[in-house]
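User: I'm new to this one and would like to understand the wording people use for it. Can you take me through it?

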Protein chains: 2
Amino acid sequence: MVAAPASLDTLCINSIRMLAVDAINKSKSGHPGLPMGCAPMGYALWDKFLKHNPKNPKWFNRDRFVLSAGHGCMLLYALLHLTGYDSVSIDDIKQFRQWGSKTPGHPETFETPGVEVTTGPLGAGISNAVGLAIAESHLAAKFNKPGATLVDHYTYVVMGDGCNQEGIASEACSLAGHLKLGKLIAFYDDNHITIDGRTDVSFTEDVLKRYEAYGWHVQHVADGNTDVDAIAKAIEAAKAVTDKPSIIKVTTTIGYGSPNKGDTAGVHGAPLGEDETVLTRQQLGWEYGPFEVPQEAYDQFRQAIERGASLEAEWNQTLATYRTQFPAEAAEFERMLRGELPEGWDKDLPTAGPDEKGLATRKHSQICLGALGPNLPELIGGSADLTHSNYTDIKGETGSYQPETPEKRYLHFGVREHAMAAILNGIAYHDSGLIPYGGTFLVFADYMRGSMRLSALSELGVIYVLTHDSIGVGEDGPTHQPIETIPSLRAMPGMLVFRPGDANETSGAYKLAIQNRKRPSALCLSRQGMANQANSSIDKVAKGGYVLEDCDGTPELILIGTGTELDLCVQAAKQLTEAGKKVRVVSMPCVELFDEQSDAYKEKVLPNAVRKRMVVEAAESFGWHRFIGLDGDSVTMNRFGASAPGGTCLKEFGFTVENLVAKASALLA
Amino acid sequence: MVAAPASLDTLCINSIRMLAVDAINKSKSGHPGLPMGCAPMGYALWDKFLKHNPKNPKWFNRDRFVLSAGHGCMLLYALLHLTGYDSVSIDDIKQFRQWGSKTPGHPETFETPGVEVTTGPLGAGISNAVGLAIAESHLAAKFNKPGATLVDHYTYVVMGDGCNQEGIASEACSLAGHLKLGKLIAFYDDNHITIDGRTDVSFTEDVLKRYEAYGWHVQHVADGNTDVDAIAKAIEAAKAVTDKPSIIKVTTTIGYGSPNKGDTAGVHGAPLGEDETVLTRQQLGWEYGPFEVPQEAYDQFRQAIERGASLEAEWNQTLATYRTQFPAEAAEFERMLRGELPEGWDKDLPTAGPDEKGLATRKHSQICLGALGPNLPELIGGSADLTHSNYTDIKGETGSYQPETPEKRYLHFGVREHAMAAILNGIAYHDSGLIPYGGTFLVFADYMRGSMRLSALSELGVIYVLTHDSIGVGEDGPTHQPIETIPSLRAMPGMLVFRPGDANETSGAYKLAIQNRKRPSALCLSRQGMANQANSSIDKVAKGGYVLEDCDGTPELILIGTGTELDLCVQAAKQLTEAGKKVRVVSMPCVELFDEQSDAYKEKVLPNAVRKRMVVEAAESFGWHRFIGLDGDSVTMNRFGASAPGGTCLKEFGFTVENLVAKASALLA
C-alpha cells in the first residue's frame, strides 16, 4: 500500500509525535509538548534536507543538528530511530530515561551516537551551534580548494522560547550575525508556552526584529503544525542566503494533537497520561498501538540510509581525489580528524632556569601560545575582549577570524564570556581536531560557568585561559579579584584546574591541557610577576603535585604552594631551615592530577605521618583541608579583597614571607 | 566673574574630565576614556535633572544613578565630589584606587555613600537598574495615594558597548520592555571602542533596533562630546514617555580631549601619562593645575546642595501629611525604610513532629513562603519560569507584577536566571526594606553566579530558592543534577548556604535568611520527600550544625549529614548502635554558620579527639575535609550523575543505609 504524499507526511510526522507520547507515558516522566509541536519541522528537515549517514553518525561532512531545547529530546530520539541509527532502537526508546539507557532525559553526546551536542541548559545549544558553524567555515576556508570541497555542511538548530530568553543565546547570536555565518539555520519553535504558562507573562519582545538587528535573515512560518511545504520552502530560502545566519520562526501548538493539554503548560513537562493519550490517538487519527510505527513511515524515513551511504561515498571520492592533488593538506586534514597531535607539537614549549624576577604567568602563557601556534595549526581561540590583558594572541600572527577572513584562527568574542565558552564547546563538538581556547579574567569564569560545566560533562578539551587570578589584580578591586573562583572550579568533576608557579609549570600546564582532549582545562594565571624555580620542570606538572624543595629525612612541616605563592613558600622554607626546622615545599599546580596519582606516590609527597602542613594560596582555603586535615594551617584569602596596588593587597592580607614564617612557627610550636 | 552659560557648561564638563585624568595619572591605574567621553551626559543629567540630596545620600525619594560601565568610576566620583557629597573630597580623589580609600577602582556601595550599586562586572549594573525600577514602581503602586505621592523617582543608567554585549543585560532589558518600566532611562555610551580595539571586530548589530524589539523608547544623540542641549532634550523626551523604558544612544569619543589617545583603545584602561596630559590640557583649553577645579564650576555643580535640601524638605512635608492621612500605611512605609521586620513576622513558620514520610523541602519551602507572605508584606519574588517546580508562589495570592498590576509582588522573570539574580540585587539596592527572593533549579545557580557573587560582596540579603538539589532530580539527568554546585556556593565569602534536612530545618533556614539582611542566602531544596526528624528545631539551625542524635559518652563515630541524606545518617546510626557502636549524628544545615560558632561549641559538637567522622551528602565532597580531616570518610558524589528515576540514582551511587553502615564499619575497623 502506497499512501498519497500528503498522508505519508502526516503518517511520518505522527510517528514522531506518538513515539514521544508513548515513551514519556512509559517512563512516567518527560516533555511531550515540544516533540508533538516540532514533529513537522523535524520531519521536513530530516527527511528533505539533512545530510547525514545514519550508519556512520561520525561521518565528517554531515550536517549538524542541535536540539537546543534539549528537554524535547524525544523529538531527536524519534528521528534517530526512524531514520535508522543503530544507537536508538525501539527498545532504547522504551527505556527512555531509565538507568543505563541510550535515551537519557536530555540529549547527551557521550551516551548516544548521533547526538551532536549535550543540551538541556537553555540557550547553550544555539550557542554551541555558533561554534559548530565557525568550525565549519574555518575548516572550509582552510582546506577547500577550487573543485575540491572537503568541508561543506550546514548547522541546524531547534530552539524554543526558553533559549530565546537566555542571555547566552543573545550573546552568541549577536556574534553569529556579525560573523555572517550563512550556514547556520535556526528554527524558533514559537509555541507561546513556557513552564510558568503563556509566554506573555514575561516575554513579549519582537524576537525576529531582534534577530534582524543582529544581522540575521528572518522568516516566519505561520502554521508549523501541518504546513510541511511552508517549512521546506523556508529552509530553501534560508540556504539561499549565504551571508547571514537564518532564523525561521515556526508558530506551533505545544502538544499538538492532545485535545485537552495541547496549547497549555501542562503538556510541556509531564506525560499525557492514559486517558489523554486515547483522545490524542483519536484526534490524530492514529490507529497504531504504543511504540508501533507504520511500515510506510519507516520506509520513508529510512531512505536516509541509502541517501547517507551515497553521500558519504561521494565525499570519500572527493577526499581520495584531494589526497592525490593536495597530499600535504590531506594529511593534515586526516590527522586532525583522527584526533592526533602533529609531530613535535610541543617542541618549542619554553623551559627556564631559576630567576628571581621572572614574569607573570599570563606572559608565560603568551609565550607558550606563541611556541605552540606554528606547530599546532589546529589551535584556535581568542578572548572575550581582553586580548591585551589575557595575552591570548598567538605571537607572530596577525588578523582575526572575520567574515572576510575565516581562515584566520584568532577569535574576537566581544564582551561575551558565556557565549565564548559555549562557542568553544561548539568548536570541540565539531570533533574535527580543532583545539579551542578562550581567555577572560578568572573572576569572570562565573559568567561562563554554565558552559564550563558542559565542557566537563561532555568531555570537551576546551582550554580556558583565566588571567588575573588573585588579589594580585590590585587596583580593580574586589569585583575583579577572584577569591572563591579557583576552589569553585576545582569542585567541578572532570575539570583540570592548573595554577602554575613559574615558567616551567606554565609550559607543563599547556602541555597537559593540549594532551587532554577529553577534559577541559582552566589555566589560572597571574597578572603579576613571580620567580622561576630551580627545581620545577614541564614534566613534573603531570603529577599534579611534587616535592619542589626538601629537607634531609622526614620533614616536620610541609608547605604546599601554588602559583604566585609558590615562591613565598620557598623563601619561608629557607628561613625556617636556617632556624633549624626540617621543611618540605610541595608545589601543587594541579590538585586534580595529584589526586589521581597512586597512593604510594601521594604518600611519598605527603606522608600521612606528617600532619603539620600549611597551604599557601591567595584564594579561599575551601577544599584544601583534604591535604592539611584538622591539624594543619593555611595562609589563604577567606574574604573579598580590596582596591589597592596588588603588592599592597598581598601584603595587607598576609601574603608575606614574614607571615608565613610566623604562622609556620606557631604551627610547629 | 560670571562665565557665559555655554562656556560654563564646558568648564563644568572639563572639570569632570580633568579630575579623571589627574586622579588616574596619580594612581598610575584606571580608565580615563569613559569619564572623558561621558562627562557631557554626566553633567547634563546631574546638573539639570537628577533629583538627589548630596548632604543626605540616603534620602529615600532620590533618583537612582547606576554607572553600569563601572570601570569609568572616576565619572561618578567626580560628580559626587563636584555636587558636594561629603563622601568624596578632593583628597579622596587623590587617593583613587589606594588602600582604604573611598574611591576604589570600581564603584562599591559599601565603601562610598552616594554609590547606589557596586559595578564593574559588565551588564550587571543595567540589570540591577531594572530591579531598582521595579522596586520603585511596586512601592509607588503600594503606597502612593491620590494627592500624596511618596514614591516617585527615576532610575538612570550609563552603560557602554560592553554592557550591551553581555547576555545578562539582554535578559534584563527584554524583561524591562515587557514590564513597561517607564521611569528607567539608560544612556548608551556609543564610543565604538572596547579593549580589543574598534567594536566592529565583534559587535556590529543595530543596538537601538534591538531595544525597539524589546519595546523600549529609543533615541540617538549624534554629538555626545559637546551637545549638552541635545542630551538634555533627549532626557526630557525620555521622561515624557511613561509606558516604556528609554535608551538614549549618545555617540561619544572615548578619551575626548586627548589628541593622540582619544578614539583609541589606548585610553580605555590606562593613564594618559604626563606628556599626553599636557597636550590634553591644551586641546581642552584647560588652564588649571592637577586636581584644581575652577570655582565657577563648583558654584554651578553645588547648586545641587540647595536644590537637594529643598527637594527633601518638600518630600518630608509630603510624608508628614501622609502620616496624618494614612497612618497605617505610613507606619508600614517607615518601618520598611528603617529595615525593621514587622511584629510577629515569623509566627506562622511551621514546625513538625517526627514523620517517616515527610515532604520534599521544596514543598516545605512553599509552606514557609505561604506562612511568611501575609505577615511580611515586603517579601517580593518569583521564579525564572519554574514556579510550579520551585514552588515559589505565595500560597493564597493570585496575580503577578505586571505593567497593569505593579502592586503585586510575584515576579515572572522568564527563563532568565542571570537577570533574575541581578534584578533581585537591584531590589535590595533600593534599600527600602523589600526582601527579594527568586527561584530556579540549583544546577542553574551556575547561570547567575556572577550576580550571586555581587549579592555577597555588596551585602545584599537576597534569598535564592534553589530546588532539585542533587541526583535525586532523577530522570532529567546530569545536565540537571547538581554535584559541585553546593560546594561552589559554600566557597563564596558571605553567602549563607542552607541545605535543610526536614520541615523544621526548612523553617529555620527561612527564619535566618529573612533575618540576614546583609548576607544573601542560598536555600538548597530537594525535589524528593524526606522524613521529619524528632530532634530538629527551627532554632537549632541558627548554630549551623548541631547534635541531632547522640550516644552515651564519647562517640566512636560521628556521622555528619545534610538535607535528604540526614535521615540516612539517622537510620545508619540506629543500625550501628544496635551493633554496639557509639555513634553521634550531626545535622549541618548551614556550614558557614557552624564555622562562625565559638570554638567551645564546635568542640562540643565535633570533639577534636573523635577523628572517625563520616559526611554524607549527595554532592561533591569538596570542602568537607575541614570537618572529616585526613582520617574520616564520606559518602558523597564525586562524578556527574545519570538519567534515571531519582531513587535509582541515589541507590546506584551509594546513598543507602546499607552502604553507609558498610563504610562506617570499615572506618571503625
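User: How do you know that the copies meet through the same surface?

Analyst: This is a predicted model, and in it 99% of the interface residues of chain A are also interface residues in chain B, so the two copies use the same surface to meet.

User: What makes the two copies related as by a two-fold rotation axis?

Analyst: Chain A lands on chain B after a rotation of 180° with 0.0 Å of shift along the axis, and the RMSD is 0.0 Å. The copies are thus related as by a two-fold rotation axis.

User: Why are α2(A) and α9(A) called oblique to each other?

Analyst: The axes of α2 (residues 33-48) and α9 (residues 228-240) in chain A cross at roughly 55° and come within 9 Å. Roughly parallel needs an angle under 35 degrees, and roughly perpendicular runs from 65 to 115. An angle of roughly 55° fits neither range, so α2(A) and α9(A) count as oblique. The crossing of α2(A) past α9(A) is right-handed.

User: Which residues of α2(A) and α9(A) meet?

Analyst: From α2(A) there are A:Pro40, A:Met41, A:Tyr43, A:Ala44, A:Leu45 and A:Lys48, and they meet A:Val228, A:Ile231 and A:Ile235 of α9(A). Sorted by class, that contact has eight nonpolar, no polar and one charged residues.

User: What makes α12(B) oblique to α13(B)?

Analyst: In chain B, α12 (residues 303-325) and α13 (residues 327-338) pack at about 130°, with their axes 6 Å apart. Roughly perpendicular stops at 115 degrees and roughly antiparallel starts over 145. With about 130° between them, α12(B) is therefore oblique to α13(B). Among the residues making this contact are B:Trp315, B:Leu319 and B:Tyr322 of α12(B), along with B:Phe333 and B:Leu337 of α13(B). By class, the contact has seven nonpolar, two polar and three charged residues.

User: How many aromatic pairs are there over all chains?

Analyst: The count comes to 41. One of the pairs is A:Phe60 with A:Trp315, whose ring centres are 5.9 Å apart and whose planes are at 40°.

User: Why is the pair of A:Phe60 and A:Trp315 called tilted?

Analyst: Centres have to lie within 6.5 Å to pair, stacked means planes under 30 degrees apart, and edge-to-face means over 60. The centres here are 5.9 Å apart and the planes are at 40°, so the pair is tilted.

User: What parts does that pair tie together?

Analyst: A:Phe60 sits in the loop between α2 and β1 of chain A and A:Trp315 in helix α12 of chain A, so the pair links parts that are 255 residues apart in sequence.

Note on methods: Residues are numbered from 1 along each chain as its sequence is written. Chains are lettered from A and ligands numbered from 1 in the order in which they are written. This is a predicted model: local features need pLDDT of at least 70, side-chain atom pairs count only at pLDDT 80 or more; totals for chains, interfaces and linings use all residues. Side-chain values use heavy atoms; hydrogens and water are left out. Copies are superposed by least squares on the C-alpha atoms of residues with pLDDT of at least 70 in both. Contact means heavy atoms within 4.5 Å. Axes are lines fitted to C-alpha atoms, for helices over the stretch in contact, and angles run from 0 to 180 degrees between N-to-C directions. Helices (H or I, at least four residues) and strands (E, at least two) are DSSP runs, numbered from the N terminus. A crossing is left-handed if the near helix is turned anticlockwise from the far one by less than a right angle, and right-handed if clockwise. Ala, Val, Leu, Ile, Met, Phe, Trp, Tyr, Cys and Pro count as nonpolar, Asp, Glu, Lys and Arg as charged, and the others, Gly among them, as polar. Rings of Phe, Tyr and Trp (its six-membered ring) pair if their centres lie within 6.5 Å; planes under 30 degrees apart count as stacked, over 60 as edge-to-face and the rest as tilted.
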